[in-house]
Structures are given as C-alpha cells and as structure tokens.
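Trainee: Got a minute to go through this one with me? I'd like to start with the DNA and see where we end up.

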2 protein chains.
Amino acid sequence: MELLDSEGVEGFSMRRLAARLRAGTMSLYSYVETREDVLDLALDAVMGEIALEDEDDVDWRAALTRRIEQSRQVMHRHVWITTLIGTRPLIGPASLARSDRFYATLARAGLPPLELNAAVNTLFAYVHGFVAAENVWRSTVTDPEHEAELRRQVRRHVLAHADRYPALAREADMTDGDADGGFRRGLDIILDGIEARLAA
Amino acid sequence: MELLDSEGVEGFSMRRLAARLRAGTMSLYSYVETREDVLDLALDAVMGEIALEDEDDVDWRAALTRRIEQSRQVMHRHVWITTLIGTRPLIGPASLARSDRFYATLARAGLPPLELNAAVNTLFAYVHGFVAAENVWRSTVTDPEHEAELRRQVRRHVLAHADRYPALAREADMTDGDADGGFRRGLDIILDGIEARLAA
DNA sequence: CCCACCCTTCGTACGCCGTACGGAAACACC
DNA sequence: GGTGTTTCCGTACGGCGTACGAAGGGTGGG
C-alpha cells in the first residue's frame, strides 16, 4: 500500500514491489498468484480501514454521515482506490463488513426491506462516484499553480463557446473550491430522500 | 471504440489498433501524441453519445430521468467507460456539453445557484458509481452459470460467518436481479431530495 | 556425520507493451 | 529530371507480467 500510495496503480509493478521488500521478483509468486491478486488484497485492506469504526449512534443520520465522511477521508488517503473500485468487485471480507454496517444502520432506522438495497447502493454509488471525480482531479493536477491554470483554461473554453454551453457559461461556478461543502450538500440530498421513505 | 468494446481498456494496445486500421504502429503517432490521448478521445466520444438528445421536457423530473437512464444505457454499451472515468477528468467538449444540459434543466426547474453544483455533481456521481459497480460485475462474470456460482459463493461466505455480517445475513437479498428497478429507486431518492430544494 | 528430501527463493527468458529515432517512399513543384 | 517536403513505418530500447526450473538452506533418518 505504501508503494501504491506513492506511485499509483500504473506505477505499481511486481518488480518494484519486490525491490521494496528486498526480495527477488519471482518470490512474490509464492504468496500470490498474479499481480491482480495483490490489487484485490489492497482494495480489501482499504475497505478494512473504513469498516473499523463501530459504535452505532442513536441518530441514524449522524451515524451514516460520520461513516460516509470517514469513507471519503480514507479514499483520499489512498487515491488509487477509486481506479481499483471501477475494476474489481467489492466482495472481500472487509468490503462485506463495510456493507454490513450500512445495512445494519438503515435497517435499524426503519427502512423497508425493498428500499434497503436501493439506499445502500445509492450511498455507495455516491461516495465512490464523488470521490472518484475528486481523486481524478487531484492526480491530474500536479501543483496549485497547474490547478489554477487548468481551471482557467476550461473556463476560457466554455466562455469562448458560450453558444455551445449556454447554461454552463451563465450558471456554473468554475472556481468552486469548497469540495467538502459540496460533498455534504449532496449527501444531505440523498439522506433527505431516504428519510422520506422510512416506515411511515 | 470497436476495439475497446471488444477487448476492454487493458486489451487495447497501439499495436492492435494499428493492425485493425491496416497501418503501421508508429503511423498512429502522427495523429496522436500518446496512447493516453486516444483514451481521452474515446471517453469524450462516449460522452458525445450521451449528450445527443436535446428536447427539454416540460417536466424537469421526466427530462432528467430520461437523460440519466440514457446515460446508463450508453455506459452499458461501452463497458470500459467506467474505468476511464476513474482515470481522467471529464473536460472534453462533449463532456462539457453533457454537463451543460444538466445545468440547464435544473436551473430552469428553479434550483438555487448554490444547490445547482451540488445537484449536478450528485447526479453524476450516482450514475457513474452505480454503473461502475454494474459494469465491474458484468465484466467479472463471464456467463450466467458463472454469475450464479459467484453469487452462491458470496452468499455462502456471508452465512458461514453470520457473526461477522449479522445484518447482511439477515436482510440482504443476494439474489437481487432487478438492476433496472434498483437504479430507478436510487434515482428517485435523489430526485426527491432535489425537489425539496426547489425555490420554495 | 552424512545424505536424501522438501520447501523457499529467485535467475533467466519469452512475449507483450509504449514510443524515440531516423530512414524510405510518395508527392509537389520547378 | 531534380529537389524539397510530407507521410509512413521498421527497428530498437527499456519496461512489464510471469512460466520454468535450478540453486540453496533446513530437517529428518541412518
């Protein structure tokens, strides 16, 4: 995971991993069948970092919010995770444990079984999708100056073709720096929708 | 895109692309700087397929629903797209055009500017996240028998460790085959949340 | 004390990849 | 026909994942 954190998925190779472990490359294959297996394990290890926290709040909304914001933090710590999520199913033990926590909280809140699946899937899709966009941006831009430059570039393109993107040119706030607030607002939208579906 | 559709991102190589075009490998580099550029173009091309539809319904909810379900369909047609989305920013012309449509619809519906960004981001995160999970599953399983087998396997693991996954063992419907319905339900959750935020 | 066995470690090699470099071929113009 | 230019691509380099099998060290029996 240190190697993944510092080099990303595409910079992660069996040779480099072996070098960092002071081992021959092929020695790794006594513990693991393919490189893909290593990535499977790394993915589940991150999910394990998320599943840790345990105590279930009285307020289901507070509990979910906390858990989800913690998911986002962990996924920021390991930027590569979002590209792995789009590549392999989340069926490791730690991934299932994480699912379990969400199911438990929502079931206890009184969500009918039919809606349960949908709610959990929606929350997961939201976190994964949102953080994926964030992480892509983070790993595309290299430094703050580059970031500002890229933003200006997009903004200029939009304004130069205001006929093609009328609404964007009029409404969009390209300078939006408040990612945390944006995440929270989207989460509240979803939680409101869920709340409306609690057993009447 | 034909090559990507049939071989996926990791099976897509400059050599294979050149072969399919009856050209030398290095000839490609007169039109494109790196392989990454080709993938950028492919991503934006898919976004172009989504942006196509134009007429804006009277009912903003119907319009958004239609556009989003069409997004999902297109992303099913090109399974590789979800892995690309987690890799590169959505700032090509077609991607911006797609964003523009969503901004336009929601602004016209009367969503206050502050919520506008959050709503669009939430909708995108949801579609991308949801379809990513679907596509991962689709490309992991090879045939219906394999799919059923894998589902049984996960279910068995959960039941065998019911102490670790109490809620999953109790509540989760592993056999859930109704992906379309689930997607629709999650979308309705979000749209309800957005509706609650329309200018009072 | 020696030998036979097994298990872990890893050196070598193969076929793939992206792409830098520079030569060959085709074409345009005088 | 000659000359400059543009398009095309053959070759080669360094990296990758991993199959194969040899080397080395530890363990037990005689």
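**DNA contacts and aromatic pairs**

Mentor: Sure. The surface near DNA strand C has seven nonpolar, six polar and three charged residues. Near means that a heavy atom of the residue lies within 4 Å of the strand. Ala, Val, Leu, Ile, Met, Phe, Trp, Tyr, Cys and Pro count as nonpolar, Asp, Glu, Lys and Arg as charged, and the others, Gly among them, as polar. This is a predicted model, where local features need pLDDT of at least 70, side-chain atom pairs count only at pLDDT 80 or more, and totals for chains, interfaces and linings use all residues. Residues are numbered from 1 along each chain as its sequence is written, chains are lettered from A and ligands numbered from 1 in the order in which they are written, and side-chain values use heavy atoms, with hydrogens and water left out.

Trainee: Which residues are closest to DNA strand C?

Mentor: A:Gly24, A:Met26, A:Ser27, B:Arg15 and B:Arg35, out of 16 that surround the strand. Sugar and phosphate make up 49% of the atoms of DNA strand C that come within 4 Å of the protein.

Trainee: What lies 3.0 Å from a phosphate oxygen there?

Mentor: A polar side-chain atom of B:Ser13, and also a backbone N or O atom of B:Met14. On chain A, a polar backbone atom of A:Gly24 is 2.9 Å from a phosphate oxygen of DNA strand C.

Trainee: And how many residues surround DNA strand D?

Mentor: 15, with B:Ser27 and A:Arg35 among the closest. A polar side-chain atom of B:Ser27 lies 2.6 Å from a phosphate oxygen of that strand, while A:Arg35 uses a backbone N or O atom, at 2.8 Å.

Trainee: Switching to aromatics: how many pairs over all chains?

Mentor: Eight, with ring centres within 6.5 Å as the criterion. The planes of A:Phe102 and A:Phe124 are at 80° and their centres 5.0 Å apart, so that pair is edge-to-face (over 60 degrees; under 30 is stacked, the rest tilted).

Trainee: Is A:Phe102 buried or exposed?

Mentor: Buried, at 1% relative accessibility; the cut-off is under 20%, with exposed over 50% and partly exposed in between, using a 1.4 Å probe and protein chains only. A:Phe124 is buried as well, at 11%.

Trainee: What sits over the ring of A:Phe124?

Mentor: The charged end of A:Arg98, 4.1 Å from the ring centre. To count, CZ of Arg or NZ of Lys must be within 6 Å of the centre and within 35 degrees of the ring normal. In chain B, B:Arg98 lies over the face of B:Phe124, at 4.1 Å.

How values were computed
Polar contact = N/O pair within 3.5 Å; in protein donor to acceptor, adjacent residues only side chain to side chain. Phe/Tyr/Trp six-rings, centres within 6.5 Å; stacked < 30°, edge-to-face > 60°.
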